Amino acid sequence: MNVKEIVKDIYYVGVNDRTLTLFEGLWPLPYGVTYNSYVVKGEKSIALIDTVNVDEVREFVNNIRSLDLDAKIDYLVVNHMEPDHSGSIAQILQMYPDLKIVGNAKTVEMINGFYHITNPDSFFVIKDGDRIDLGGKTLQFSLIPMVHWPETMVTYIPEDKLLFSGDAFGTFGALNGGVVDKDMETGIYLEEMYRYYSNIVGKYGIPVQRALVKLKDTPLAYVCPTHGPVWHEKLEDVIKIYDDLSAYRSEDGAVIVYGSMYGNTAEVAEMIAAELSDRGVRKIKVYNASNAPMSNIISDAFRYKILVVGSATYSMRLFPPVETFMNAMETREIKNKDFGIFGNYTWAKGIALTKLEEYALRMKLPVKAEFCIRYSPDGDTPSGVKEFVDSLLKHNQ
């Protein structure tokens, strides 16, 4: 149990999950994950903000009960309908059958579909800008569709300058005692934020930018997401990370992703990394797509400016793990990269480069450098690598 008062009469009642190994069945969770929920006590009404994954409902219910509330919960605000946050709605409704579920029209539709709660008397349907007065605490609602589902909204309490932000500003990582960033070391959460954003939200950069613009004049002292710490002291850092990633702004550095069957394509990747280092690039990540976690590759591809992808030719296609990575980049509509490609073949000349060029064309991502070898690196390869890196870095010179 980790119930904490964030500010007067606003409580964290979320839970840790240190059992789940793959978030959304895809993304590794080496540090676990939280499902955050909050209780807001007004002078006349009480609101619960979001719920938790149904697997953790027992601890969640115990957290709520530990507050020894004098009155029942009047409202359940559903900012985001993904089941890791809405999964306990039915159980909460059983505990407090008279509460009103607060959400927009799309929220209600999804609750009907996911949990078969269809009684219209169970809902309080809001629109953008609507408010609920709890008595000394005001819930103010803003719709931010496609961050990263169509029903997504946020809830603001102007009296405390506190924003319940749903998945926005969230991160992987269970909480280790503390809840608010000022009470913990935040380094791992800020690092995991890159992976969380790029893996889950990455496709929706334009809607995230719209949401940031919509909220930019909102005074903020606390941001309470549905995953990770409550942000207070690190607010500027967190907002900057989301702003940079959603605008596809990158840090200096290079990511090299390759697929190799017998080590020849891998050798070229290592040569490119060495040449980039010799030219002064200090942050370089080299990934073998066959065994590196795709989650980490995607994260660093978002984070760093230079992206180099190399592939052996495999059955007249890209090497399958490289193709998986390029599908991920296309799905997330990656932009603003210094993009270089290289390939290797034995008899099917040009296939790997052609396939990579096709991805680049669909993604509207200009290719700044290309390089290809046949069989294995030879005496001409080092000069070819130098020319490749020359072209890749030309814009910086």
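This is a short exchange about pockets, cavities and exposure in one predicted model.

Modeller: The model is predicted, so local features need pLDDT of at least 70, side-chain atom pairs count only at pLDDT 80 or more, and totals for chains, interfaces and linings use all residues. Residues are numbered from 1 along each chain as its sequence is written, and side-chain values use heavy atoms, without hydrogens and water.

Biologist: Why is P97 called exposed?

Modeller: Exposed means over 50% relative accessible area, buried means under 20%, and partly exposed lies in between (1.4 Å probe, protein chains only). P97 has a relative accessible area of 56%, so P97 counts as exposed. P97 is found in the loop between α3 (89–95) and β10 (100–103). Helices (H or I, at least four residues) and strands (E, at least two) are DSSP runs, numbered from the N terminus.

Biologist: What share of the chain counts as buried?

Modeller: Of the 397 residues, 57%.

Biologist: What makes an empty space a cavity and not a pocket?

Modeller: On a 1 Å grid over the protein atoms alone, a cavity is a set of points where a 1.4 Å probe fits but cannot get out. A pocket is an open set with protein on both sides within 12 Å along at least five of seven lines. Lining residues have an atom within 4 Å of a point. A volume is the space filled by probe spheres set on the points, which are joined across faces, edges and corners.

Biologist: How many cavities of 30 Å³ or more are there?

Modeller: The count is 1. The largest cavity holds about 70 Å³. Its lining includes I144, V154, F169 and Y242. Helix α6 (residues 205–215) gives the largest share, 4 residues.

Biologist: What makes up that lining by class?

Modeller: Ala, Val, Leu, Ile, Met, Phe, Trp, Tyr, Cys and Pro count as nonpolar, Asp, Glu, Lys and Arg as charged, and the others, Gly among them, as polar. The cavity lining has 10 nonpolar, 1 polar and no charged residues. S165 lines the cavity, and Ser is not named as nonpolar or charged, so S165 counts as polar.

Biologist: Which residues lie nearest the centre of the largest pocket?

Modeller: M261, A312, T313, Y345 and T346, out of 17 lining residues. The pocket has a volume of about 300 Å³. β19 gives the most to the lining, with 3 residues. By class, the pocket lining has 9 nonpolar, 8 polar and no charged residues.
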